[in-house]
Amino acid sequence: MKIKKIILQTCRECGQEVRVPLVPSGDATCPTCNNTLRKSNSWNLNRCTFLALAILILLPFALKFPLLSIDLLGVKINATVWDGIWKMATEGYPYTAFMVLVCAVIMPLSFVLLILTIRLQRLIRQRPRYTLIFLTKIKEWVMLDVYLVALAVAAFKIRDYADLSFGIHLIAFVIVAILNTLLFIKVEPKQTWENFYPEYHSLPFDHPSKPTLCPTCEYCFDERILDLKGRERCPRCESNLSISDNVKLQRVWACLIAGTIMIIPANIFPISTTELAGNVSADSLISGVILFVEMGSYTVAAIVFIASIAVPVSKISIILYLLLAIHYKWQHPIHRQMKLLHYVHFVGRWSMLDLFVLSLMMSLLERGQILSFSVGEAAFYFGASVFLTMFASANLDARMLWRIHYDHQAKNKVNTA
C-alpha cells in the first residue's frame, strides 16, 4: 500500500497549522474553520488550457455579435456587449462605461489569456511568478455570469415596449459563461505554483517551529528573507509580508468610507431616464424595483432589489461591523463572523448587475428614437461604490478576527484555571 506524504499547511483564514496529505483523496479542509486547504478535483494545466482556448474562441461571438434584438416600428435593433459599452462611453458616461468594460470584457479576456500564457511559459521553461499572482487577483472581477442574469433582467424590462427576440449568438455567450465558471472551479493556482517551483518544498508534518504563510501563493516556509528596505518577502512569489494589520485596516476603512459616501448619491439621483412619445420618466434604484412590481414581474423585482439595494447596503453594514469588532476586540461567535465575511466576498460582484442592465438598455434604445433611454448620473456613483466595497472586502484579513478569538479563548482558560 502506498503511503501518503503528509505535509504541514497553515490555513490562510484562521492561521492554524494543519497536517494534510500532499495529494488528498478528497478536499483537505481545516478542522478549525472548514476552509479548503487542498483541492482534490482540480484539473491539470493542460486541461485548463484547452478550456481557456475554447472560451477564447467563443469570446468574440459572445461580446461582439447580437445577443438579443427588438423590433421598434419595423426597425430591428440589436444589443451586444460591446455596443452597449461604446454607446455609454460616447454619450457622456465614459467612467461608467469603463467599469462595465473592465468586468465584462477586459477581465474575462485577461483570465483566459493568463492561463494560456502560463501554458506557454511552461513550454519555453519560464517562471510564471507575476502571471500566477495576477491570475489569483482577477478571478472575482470576471463577471460573465452576472452579465447573463443582466440579460434576463433587460429582456423583462424591454418586453413591454417592443417585440423581443434572442439571437443565436446568445448560445455562445451562455456557453462562455458556463465554461468560465467551470474553469474557476477547476483551476488551482496553488498546484501550479508547486509544479513550477518544485525546489520550494512543503514543510514536513513534524516541523518543529511555527511556519510563515504567504497569503498570495499560500507557501509555508520557515526562513526569513528581507529585501534591501528590510521588508520580509516570500521566497517563492516575492510578495511583501511586512504589511502591518494597521495598514490593512486603514485601507479597508478608506475604501469603506468612500464607498459609503458614493452609495448616497447613487440612491438619490436617477440611475436611468426613459423617454416614450415625449413623456420622460427618471428612475432611481428603488423606483425601478417598484416599476417591476407594478408590471407583475415579482421575480425580476426581487433580483433587482437584492442586487441593487439589499446587497450594497448589507455589504457596507457587515464590513463596518467586522471593522468595529476588530477595533474593539468584541467577543462574538467567530464562525458567525466568518459566514458574514464569506457572504461579503460572494455577493460583492453581483451588485454590478444594474450597470450591466444599463449597458444593454443603452445598446437597444438609442437617443433620438420614439423610445429612447439614457443613463442617469447615479450610475457612476453606484459603480464606484461597488468597486470600493470590493476593494474593502479584499483587504479585510480574516486572521485578524481569528487572533482576537484566540486571545479571548486564552483569557477564558486563565480565568477558569
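In the predicted model, Phe111 is in contact with Leu135, Ile138, Lys139, Val142, Asn180, Leu183, Phe184 and Val187, when neighbours within four places in sequence are set aside. Phe111 also belongs to the largest nonpolar core, a set of 128 residues in which Phe111, Val81, Leu183 and Phe356 touch the most other members. Leu183 thus appears both among the contacts of Phe111 and among these most connected members of the core. Helix α3, spanning residues 94–123, supplies the largest share of this core, with 15 residues.

The UniProt record, an unreviewed entry, lists residues 48–75, 95–120, 141–158, 164–185, 252–271, 300–328, 340–358 and 378–396 under "transmembrane region". Two of these segments were examined in the model. Over residues 95–120 the chain is 100% helix and 0% strand, with 34 Å between the end C-alpha atoms. Over residues 252–271 the helical content is 85%, strand again accounts for 0%, and the end C-alpha atoms lie 27 Å apart.

The second largest pocket has a volume of about 370 Å³. Its lining comprises 20 residues, and those nearest the pocket centre are Leu22, Val23, Arg38, Gln191 and Glu194. Strand β4 (36–38) and helix α7 (189–196) are the elements that give two or more residues to this lining. Of the elements, α7 gives the most, with four residues. By residue class, the lining of the second largest pocket divides into seven nonpolar, six polar and seven charged residues.

Helix α7 also contains Lys190. The relative accessible area of Lys190 is 6%, and this residue is therefore classed as buried, the cut-off being under 20%. Beyond its neighbours within four places in sequence, Lys190 is in contact with Gln9, Leu37, Arg38 and Glu218. One of these partners, Arg38, is also among the residues nearest the centre of the second largest pocket.

A further position considered was Gly230, which lies in the loop between β11 (225–226) and β12 (232–233). Gly230 has a relative accessible area of 44% and is therefore partly exposed, a class that runs between the limits of 20% and 50%. The C-alpha atom of Gly230 is separated by 33 Å from that of Ile115, and the two residues are 115 residues apart along the chain.

Note on methods: Residues are numbered from 1 along each chain as its sequence is written. This is a predicted model: local features need pLDDT of at least 70, side-chain atom pairs count only at pLDDT 80 or more; totals for chains, interfaces and linings use all residues. Side-chain values use heavy atoms; hydrogens and water are left out. On a 1 Å grid over the protein atoms alone, a cavity is a set of points where a 1.4 Å probe fits but cannot get out, and a pocket is an open set with protein on both sides within 12 Å along at least five of seven lines; lining residues have an atom within 4 Å of a point. Grid points are joined across faces, edges and corners, and a volume is the space filled by probe spheres set on the points. Ala, Val, Leu, Ile, Met, Phe, Trp, Tyr, Cys and Pro count as nonpolar, Asp, Glu, Lys and Arg as charged, and the others, Gly among them, as polar. A nonpolar core is a set of buried Ala, Val, Leu, Ile, Met, Phe, Trp, Tyr and Cys residues joined through side-chain atoms within 4.5 Å. Buried means under 20% relative accessible area, exposed over 50%, partly exposed in between (1.4 Å probe, protein chains only). Contact means heavy atoms within 4.5 Å. UniProt positions are given in the numbering used here, feature names are shortened, and annotations may be inferred rather than shown by experiment.
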